[in-house]
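Work through these exercises with the sequence and the model side by side. Try each task before you read its solution.

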Amino acid sequence: MARETHEAVPQLELESVIGFNGRVPTGLNVHPDGEHLVYPLGCTIIIQALRNRKQEFLHGHTNNVSYVTVSRSGQYIASGQVTFMGFKADIIIWDYSKREIHARLTLHKAKVEALAFSPNDLYLVSLGGQDDGSVVVWNVAKGEAVCGSPASAPSAGNCLTVKFSNNNDAVFITAGNSTLRVWDLDLPNRKIHPTECQTGQLKRIVTCLEVSDDDSFFFCGTSSGDILTVNLKTKLLNSCAPQKKKFSLGVTALKTLKTGDMLVGSGDGVVSLCKGTPFKAIKKVELVGGVTSISLRGQGHQFFTGSDAAQIYRFNYTEFKEELVGTCHNEAVYDISFPFGTSELFATCSKNDIRVWHTDTCKELLHITVPNMTCHAVEFMQDGKSIISAWNDGKIRVFTPESGKLIYAINNAHSMGVTAIAATSDCKKIISGGGEGQVRVWEIGKGFQRLIEAMKEHKSSVSCIKVKRNNTECVTASSDGTCIIWDLVRFVRNHMVLSSTLFRCVCYHTEEFQIITSGSDRKIGYWEVFDGSPIRELEGSLSGSINGMDISPDGTHFVTGGDDKLVKVWGYNEGEVTHVGIGHSGSITRIKVCPNARSIISISADGAILRWKYPLLS
């Protein structure tokens, strides 16, 4: 709905994306041209050049992408999505050279589980998720269904993966929970005929498949941590190995090499190089997060792996050493902050960590980890000597921006977690807000942190704090429907702004005589700082709350983002939308204009960080 109303408004130019959905099985693909990576993020598919990291985006899915595969020739990319129960989940075949949709295939319900192209790009086979349970063969050139069938026998479990043979366009394999079938395509009669593979007493959940180059055998990686070898001609089980040292947390990715060796990725994050059928590991490397994809570049002299911790690694086959080429948050990102007066870097925070990024190259400069804790807010001190952060365990933690070492922590700063944080420009005070609604002012000195005042007015969690430049006043927004302007000299309330909404964000205008607020009622309110009186109200969005807001350095424009997944640039005085950015696939949680007004950075609940070109040069 919201997207339709802004078609006449110019669109923002998306410059770069930091993000990768590592939970998609085999989501990371090296394109056969050897020059590009293809991977999913939310409902977008990103094509990234390996040489200069330049990104292109394929937009077309309406919900999160659940599977991505690239055809052997590299001409087509196929992607499937999830959707809500009772709705159809689309498969899109993309024309790689034109970077546009070749065909949209709609048949499966709720989820597309897996996809595979035939060796000569003639057919695409697709598996529906557990609510669908069907396997369908599609004609790629025409973009229409050839035939379909239930994927597994009624007595067996769900199918999880599918793979075509390497040399025959009419033979493919499906596998899953206690089901393993080889299918023959009978094109004249438009039918597919399954043959059950005999595995005897073995009951396994197959998570990934790989076929040998000459089509004599295929290999099934299982959740039990072993690999089944099955003869493709006789459909009989050949071996089940390793018997003793199984792969921890299951086999999650398989790749055969030209040498006959096998690359095995497992759920505990280990990539192993195995020789022969006993699958004895010759070399091992441990990565962060469970391995979900292994993709070869060229003949396999180099290969890339993706992990569910949203990390992308590059390996050289000869050295077998990992090199981290891409990393990002794998949980929702909650806050973003720029250092005072510079746009070169910014910090973001999420569950378990704070990361500092270089703005132009999107490279990670620093990664601060606090396991099992969630960081709600992050801020650079104005002198640039420390990063202050608010955590859900009730602590304020302060780190050095160069090494990420903990300088000090204020324990029990709030009883229900610290939810918002800000600092004065002289770097002597920190103002924090908590889940219980208190606003506390801390004095910071060399070797001591002292609570000066606790201001108890808010009845619910504090969502945002902004301090006036002269440090005499601050404004706090809360989800109890109030924004309070506090006197930081006498520590009393100056004015209160009331509205029937959960306030999510508040900003001082550059000249600090007005504040603008927004929240769950989708309205943007302008208020007088002098007496807290309302000036005007704008309709900020058609669907979903507004979570993030920032004013441009010159005060002529402001940007908003929220649950409608749109970035909007507004004229401050006109109150009109001047530009719209479409690209997020999760709710936008915070948004910032960088201090030199060159770009807008928005962060979202799916872990993505997007950088947009600022459309109005100041």
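Two strands pair if DSSP finds at least two bridges between them. Keep that cut-off at hand for the first exercise. The model is a predicted one.

**Exercise 1. Pair two strands**

Task: Find how many bridges join strand S37 and strand S38, and in which sense the two strands pair.

Solution:
- Step 1. Locate strand S37 at residues 429-434 and strand S38 at residues 438-445.
- Step 2. Count the bridges: there are five. The cut-off for pairing is at least two.
- Step 3. Read the direction: the pairing is antiparallel.
- Step 4. Check one bridge. Ser-432 has Arg-440 in S38 as its bridge partner.

**Exercise 2. Build the sheet**

Task: Place these strands in their sheet, and say which strands form its edges.

Solution:
- Step 1. Write the order: S36-S37-S38-S39, four strands in an open sheet with antiparallel pairing.
- Step 2. Look for strands that pair on one side only. These are strand S36 (418-423) and strand S39 (448-456), the edge strands.
- Step 3. Add the twist. On average, neighbouring strands of this sheet are turned by 25 degrees against each other, direction ignored.

**Exercise 3. Judge one residue**

Task: Is Gln-438 buried or exposed?

Solution:
- Step 1. Place the residue: Gln-438 belongs to strand S38.
- Step 2. Take its relative accessible area, 15%.
- Step 3. Compare with the cut-off: buried means under 20%. Gln-438 is therefore buried.
- Step 4. List contacts, leaving aside neighbours within four places in sequence. Gln-438 touches His-414, Ser-432, Gly-433, Ala-454, Met-455, Lys-456 and Val-462.

**Exercise 4. Find the empty space**

Task: How many cavities of 30 Å³ or more does the whole structure hold, and what lines the largest?

Solution:
- Step 1. Count: the search finds four.
- Step 2. Take the largest cavity, with a volume of about 80 Å³.
- Step 3. Its lining has 14 residues; closest to the centre are Val-17, Leu-41, Thr-44, Gly-583 and Leu-610.
- Step 4. Name the strands. Strand S1 (14-18), strand S4 (44-49) and strand S5 (55-59) each give at least two residues to that lining.

**Exercise 5. Read the record**

Task: What helix and strand content do two of the annotated repeats have?

Solution:
- Step 1. An unreviewed UniProt entry gives "repeat: WD" for several spans, including residues 105-148 and 539-580.
- Step 2. Residues 105-148 are 0% helix and 64% strand, with end C-alpha atoms 13 Å apart.
- Step 3. Residues 539-580 are 0% helix and 55% strand, with end C-alpha atoms 15 Å apart.

Definitions and conventions: Residues numbered from 1 in each chain as written. Predicted model: local features only at pLDDT ≥ 70, side-chain atom pairs only at ≥ 80, totals over all residues. Heavy atoms only, no water. Axes fitted to C-alpha atoms, helices over the stretch in contact; angles between N-to-C directions. Buried < 20%, exposed > 50% of the residue type's maximum accessible area, 1.4 Å probe, protein only. Contact = heavy atoms within 4.5 Å. 1 Å grid on protein atoms, 1.4 Å probe; cavity = no way out; pocket = protein on both sides within 12 Å on 5 of 7 lines; lining within 4 Å. Points joined across faces, edges and corners; volume = space filled by probe spheres on them. UniProt positions renumbered as here; feature names shortened; annotations may be inferred.
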